[in-house]
Amino acid sequence: MPHKTTPVLSPAPAPSVTATNPPEVANAHQGDILLAEGHDLEAAKDYIKAAAAVQGQAQLHYLLKAAEASLQGNKPQVAVLLANEVLRLQQGDNTLRGEALWIRAQGLMDQGQTPRAKGNLEELLSIASTPQNVRAEAMGTLATLYTQEGHELTALNFLIERDSLLSGPAISKNHQRIHALLDSVSSARIQNWQGRSGNPLVQEWLAIALISRHNPDPEQRKAAIDAWMAAHPGHPPINFSSHDELNVADTSNQPSGDICALLPTTGPYAELSQAISAGMETAAQLKAGPAVKLLQSTGNPSFTAVLFERGVKEGCQIFVGPWLPQDINAVVGVRKPSDPPVIALGSDAGVRQPGLYVFSLGRDVAARQIAEQGYGAGYRQVYVLYPQDSSGASIQADFIQTWKKMGGTVAGVATYLPGHSLNGQVQQLLSGNSDSHAFVFLVANTQNASAAVTAIRAVNSNIPIFSPALLHGATLPADAGSLAGVASVDMPWIIQPATTKPQAAALLHSTLPDASAAQWRMAAFGLDAYQLAERILAKKFSQPIEGATGTLHFGKEGRIVRDMDWMKIENGAIVPLSGIPKTGS
């Protein structure tokens, strides 16, 4: 990920240049040229060579330039090591120490090491020579970190203190952050804070927040605030009429920029995120639309929140992701109503916010759809068969919860061990008499699907089989003929990508030549997420999108509804269906 352009401290005095031009000067000059041309890491190497040839202040100067270039070249580990060396060598020079702390803090943040970064930022604020712009940036980052840790009052103190360091539009944006933080806590907590903060400005902000809550009528609120302001001169000017309008996200004045993918790129999610971003980049190429920029989170919610704020500053038009629930909550906690919209890709624990859209990647969506549409088609009884693993258990639980809520009954539930015979479990599951209003809810992958269907058909040759997670590979299994009678609601892209999106399929096969079944599925979500992002930016919410993952609609409260296609398998081939098979058919 390219590093952002950040405020820099005043550089240490450059070493004097003699008429003979020592070797270190030539190396440093070459480093300056490479840095200007965007070759950050090559520049860092030249600065390190220059540092190796000198001692004292000049050496520290070159080491800092190498650290900054390494940071810009997305090598935060190297930047931290170089900053550490400066901190070790500097002799009581607070300006040099401040520069090194600033670089080290940014490098640690880029590695997701937020607790260590926080300590560096706080020490940086204690150094009197820290420039105003750097001090403001550090305070803003600390406010984000403390908010994520649940220390909102400390975060509020940082935001209010940085107000005097800002000017122009930056003040307005800082005020929006203050309002958003105050809006996120209860009146009782604000009243409690009034007795805990010794900062007069913080006290005044708290008082104004309570006045606003106790006076919902705009005219009465303005009169109460004017009266309080008159009694408490010196309070910073706040545009409360603008704040009244901050409840609706507006992207009309957002600067042009990228569609930013804010995805976890470490651990078990790395390959899946790679596939999502590949799908988005493919869509951008085919549509010649805004570029896709990947912001790589590390699974640390605090760092995810910082990455989001960084993306806002760098001009992201809209964010696709975050994905994990803790990351979604972290972003929602720092996102201001005026910030760009966000398409969350997973469960958000019921969070609602203007400009926040939810496009779930989970198979729980398909499970719930089977329950709702099955009941709507007249089915009333179900037999559930799922594998003994956490994924299978989660999918069947989502189905049963929705099915019972609709009014359906569960005639039986059985589990099986993947790779083992299912005959005994199926025999016991279907031993009773089923009527024409019953079906089997089957959770199985391609490796176990044929065995499951064969076992079911040996006991009942007619009962319908609906599966949310059956055909999740890129192709049908070789013995697909044995799957006759199964109606799958998984996405059309998975089963027939060359027919559904032929150009995209061809490009993605080149980008992801060895894609797993799960990656291939996620690539389709990437294709559709890009289309959704374009529609949201254009504010076109009325027309459905015929996507790779199904037909997409913008639902209530930012929910994106995915209607997946029904289909059946006959003689090893896919036959699309207009809807769920009717009872008795």
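1. A residue is called buried here when its relative accessible area is under 20%, and exposed when that area is over 50%. With that in hand, helix H4 (residues 76–89) is a good place to start in this predicted model. Its buried residues are Pro76, Ala79, Val80, Leu82, Ala83, Val86 and Leu87. Viewed along the axis of H4, these buried residues fall within an arc of 165°, so they line one face of the helix. Leu81 and Arg88, on the other side of H4, are exposed.

2. What do the buried residues of H4 pack against? Their partners are helix H2 (40–52), H3 and helix H5 (94–110). The length of H4 also checks out: at 1.5 Å a residue its 14 residues should span 20 Å, and the end C-alpha atoms are 20 Å apart, which agrees.

3. Now to the interior. The largest nonpolar core holds 58 residues, and Leu156, Leu182 and Trp193 have the most contacts inside it. Helix H3 (residues 56–72) supplies the largest share of this core, 9 residues. A second, separate core has 38 residues, among them Ile276, Tyr357, Ala523 and Leu552. As a general point, nonpolar side chains tend to be buried together in soluble globular proteins.

4. Leu182 deserves a closer look. Setting aside neighbours within four places in sequence, Leu182 is in contact with Leu156, Ile190, Trp193, Trp205, Leu206, Ala209 and Arg213. Two of the names in that list, Leu156 and Trp193, are also among the residues with the most contacts inside the largest core.

5. Helix H24 (residues 517–538) is mostly covered, with 16 of its 22 residues buried. At 1.5 Å a residue, those 22 residues should span 32 Å; the end C-alpha atoms of H24 are 33 Å apart, which agrees. Just after H24 comes Lys539, with a positive phi near 60°.

6. You will find 13 salt bridges in the structure. One of them joins the side chains of Arg189 and Glu152 at 3.0 Å, N to O. This pair links distant parts of the chain, since Arg189 sits in helix H10 (residues 187–194) and Glu152 in helix H8 (residues 152–162), 37 residues apart. Arg189 counts as partly exposed at 34% relative accessibility, whereas Glu152, at 15%, counts as buried.

7. Glu309 and Arg177 also meet in a salt bridge, at 3.3 Å, N to O. Here helix H15 (residues 301–313), which holds Glu309, is linked to helix H9 (residues 169–183), which holds Arg177, the two residues being 132 residues apart. Are these partners buried or exposed? Glu309 is buried, with a relative accessible area of 12%, and Arg177 is buried too, at 14%.

8. H24 comes back in a further salt bridge, between Glu534 and Lys287, whose closest N and O atoms are 3.4 Å apart. Glu534 lies in H24 and Lys287 in helix H14 (residues 270–287), so the pair ties together parts that are 247 residues apart in sequence. Glu534 counts as partly exposed at 24% relative accessibility, and Lys287 counts as partly exposed at 41%.

9. Finally, a word on confidence. The mean pLDDT of the protein is 82, and 87% of its residues reach 70 or more. Among the elements, strand E3 (residues 318–320) has the highest mean pLDDT, 96, and helix H13 (residues 240–244) the lowest, 41. Over residues 239–256 the pLDDT is below 50, and this stretch has 30 contacts in the model beyond near neighbours in sequence. Residues 1–5 also stay under 50, with 18 contacts beyond four places in sequence.

Definitions and conventions:
Residues numbered from 1 in each chain as written. Predicted model: local features only at pLDDT ≥ 70, side-chain atom pairs only at ≥ 80, totals over all residues. Heavy atoms only, no water. Core = buried A, V, L, I, M, F, W, Y, C linked by side-chain atoms within 4.5 Å. Buried < 20%, exposed > 50% of the residue type's maximum accessible area, 1.4 Å probe, protein only. Helix = DSSP H or I, 4+ residues; strand = E, 2+ residues; numbered from the N terminus. Contact = heavy atoms within 4.5 Å. pLDDT = per-residue confidence, 0-100. Expected span 1.5 Å × (residues − 1). Arc of directions from axis to C-beta. Salt bridge = Lys/Arg side-chain N within 4 Å of Asp/Glu carboxyl O.
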